[in-house]
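Hi everyone, thanks for making the time this morning. I have one structure to walk you through, so let me put it on the screen.

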Amino acid sequence: MSELITVEDFEDRAAVIIPKEALDYYQSGADDEQTRKLNRSSYEMLRIRPRMLRNVSNRDMKVKLFGEEYAMPIGIAPTAFQKMAHPEGEVANARAAANRKVLFTLSTLSNSSVEEVAGAVPKSPKWFQVYIYKERKLTERLVQRAKKAGFKAFVVTVDSPLFGKRRADIRNRFSLPPGLKVANFEGEQAAGLQGQGGSGLNQYGEQQLDPSLVWDDIKWLIKLAKLPVLVKGILTKEDAVIAVDKGVSGIWVSNHGGRQLDSAPSTIEALPEIVAAVGDRTTIIVDGGVRGGNDVFKAIALGAKLVMIGRPALWGLAVNGQQGVERVLDILKEELDTTMALAGCQKVSDITPLHVIHQEYYTKINMEQTQAKGKSKGMSWFK
């Protein structure tokens, strides 16, 4: 894998390995995919302000979260149906995270059960992503199984009263390939999401997701879990304040990889207002659009405690299973280490908002200076 030196290299290689229907499922966003694209382009609009002569001969990327120490401020976000990328699916992904001492989060809609993943990495910290289903007993059973299996926290997805319209899945009439199932469920709920004239996932969402959910349902989950509960899908300061007031342990800034409400802001755009509103009261995590170590640096500078990757881990998984995911994590770690050194930061806590600024600031300053110069010399901005 020596020729695979960036996350994009892994994405390109994965694109020729993963079957088209599965690749479309992993890659696609909702509707016109504006938000999915924004997740990337918004990072590209941020500029790093490096500091010089700061003695960066030794760097330390370790972070602590809820009593656990991780090797770097990067973790693996929940993504569904990972056996479409590789036969070992979530188990290989979890093992890679454990070997690199980073956080792994298991999706409810996984092809490997909570018990299988827990058995593969019994001592490694891991979280479980849940939905609050119409049938509350279903959520209760999932929570109790995850607690028994040793998962340390719950991540409740709150941006999905129904699933967004992912046109590629509708065109493909997406369903799980033969032999794969939703491993955390039984009976009809464990079936392969066979669609009738459209996406099986959308039909599954209509049957199981609860559009009547309100904030008091989060309080219900907190009481049930008796472990840290984070809310995933927050994009506004108003909702962040409500969530913290309801007693959540953390805010996970996410737009579901651009797969829910199209034209919603990118996560890195939403992050600063949420940090300003509740950053001193809770733990803030972010995902969406991260493809390099300097993206991680920017997110940390804007207030995230941990930065999560979803699709990049899938690309690594498709290319070379557990070892592929480990290599993707290594690439991100190496890039973050280089960025920290060149920006003048010895440790993660040295990264501050002063290290990042939006491109528009420089454009504004340059324009003001040029206009001032033009006025003094009778010059036009465009000359």
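I'll go through the pockets, then the core, and then a handful of individual residues.

Before anything else, please keep in mind that this is a predicted model.

Let's begin with the pockets. The largest pocket holds about 670 Å³ of space. Its lining is made up of 38 residues, and those nearest the centre are Thr 79, His 256, Gly 257, Arg 259 and Arg 311. If you want to find the walls by element, look for helix H2 (20–27), helix H3 (34–44), strand S11 (306–309) and helix H13 (311–343), since these are the elements that give two or more residues to that lining. Helix H13 has the largest share, with 4 residues. As for chemical character, the lining counts 15 nonpolar, 13 polar and 10 charged residues.

Now, the second largest pocket has about 560 Å³ of space. Here 29 residues form the lining, with Val 158, Asp 159, Ser 160, Pro 161 and Gly 233 closest to the centre. Helix H9 (215–225) and strand S8 (229–234) supply at least two lining residues each, and H9 gives the most, at 3 residues. By class, this second lining has 16 nonpolar, 8 polar and 5 charged residues.

Let me go back to one residue from the first pocket, Arg 311, which sits in helix H13. Is Arg 311 buried or exposed? At 14% relative accessibility, Arg 311 falls below the 20% cut-off, so it counts as buried. What does Arg 311 touch, once its neighbours within four places in sequence are set aside? The contacts are Tyr 26, Gln 27, Ser 28, Arg 36, Gly 257, Arg 259 and Arg 291. One of these, Ser 28, also offers its backbone oxygen, which the side chain of Arg 311 reaches at 3.2 Å. For a sense of distance across the model, Arg 311 and Arg 49 are 262 residues apart along the chain, and their C-alpha atoms are separated by 28 Å.

Helix H13 comes up again when we turn to the core. The largest nonpolar core has 115 residues, and the members that touch the most others are Leu 109, Trp 127 and Ile 251. H13 gives the most to this core, with 14 residues.

Next, have a look at helix H12, residues 293–301. This helix is mostly covered, with 8 of its 9 residues buried. Among the buried ones are Asp 295 and Lys 298, along with Val 296, Phe 297 and Ile 300. After H12 comes Gly 303, which has a positive phi near 120°.

Two buried residues with polar side chains deserve a moment. The first on my list is Lys 126, in strand S6 (residues 126–130). Lys 126 is buried, with a relative accessible area of 1%. Where does a polar atom of the Lys 126 side chain find a backbone oxygen? That oxygen belongs to Val 121, and it lies 2.9 Å away. Beyond four places in sequence, Lys 126 is in contact with residues including Leu 103, Phe 104, Ala 118, Val 121 and Phe 151. In contrast to those contacts, Asp 245 is 25 Å from Lys 126, C-alpha to C-alpha, and 119 residues away in sequence.

The other is Thr 108, found in the loop between strand S5 (104–106) and helix H5 (114–120). Thr 108 is buried too, at a relative accessible area of 0%. Its side chain reaches the backbone oxygen of Gln 129 at 2.5 Å. Not counting residues up to four places away in sequence, Thr 108 touches Phe 128, Gln 129, Val 130, Tyr 131, Tyr 133, Leu 142, Val 182, Asn 184 and Phe 185.

Last, a couple of backbone details for those of you who like Ramachandran plots. Asp 31 is not a glycine, yet it has a positive phi of about 50°. Asp 31 lies in the loop between H2 and H3 and counts as partly exposed, at 31% relative accessibility. Leu 53 is also not a glycine and has a positive phi, of about 55°. You'll find Leu 53 in the loop between strand S1 (46–48) and strand S2 (63–65). With a relative accessible area of 88%, Leu 53 is exposed.

That's my tour, and I'm happy to go back to any of these on the screen.

Terms used:
Residues are numbered from 1 along each chain as its sequence is written. This is a predicted model: local features need pLDDT of at least 70, side-chain atom pairs count only at pLDDT 80 or more; totals for chains, interfaces and linings use all residues. Side-chain values use heavy atoms; hydrogens and water are left out. On a 1 Å grid over the protein atoms alone, a cavity is a set of points where a 1.4 Å probe fits but cannot get out, and a pocket is an open set with protein on both sides within 12 Å along at least five of seven lines; lining residues have an atom within 4 Å of a point. Grid points are joined across faces, edges and corners, and a volume is the space filled by probe spheres set on the points. Ala, Val, Leu, Ile, Met, Phe, Trp, Tyr, Cys and Pro count as nonpolar, Asp, Glu, Lys and Arg as charged, and the others, Gly among them, as polar. Buried means under 20% relative accessible area, exposed over 50%, partly exposed in between (1.4 Å probe, protein chains only). Contact means heavy atoms within 4.5 Å. A polar contact is a pair of N or O atoms within 3.5 Å; within protein, one must be able to donate a hydrogen and the other to accept it, and residues adjacent in sequence count only if both atoms are side-chain atoms. A nonpolar core is a set of buried Ala, Val, Leu, Ile, Met, Phe, Trp, Tyr and Cys residues joined through side-chain atoms within 4.5 Å.
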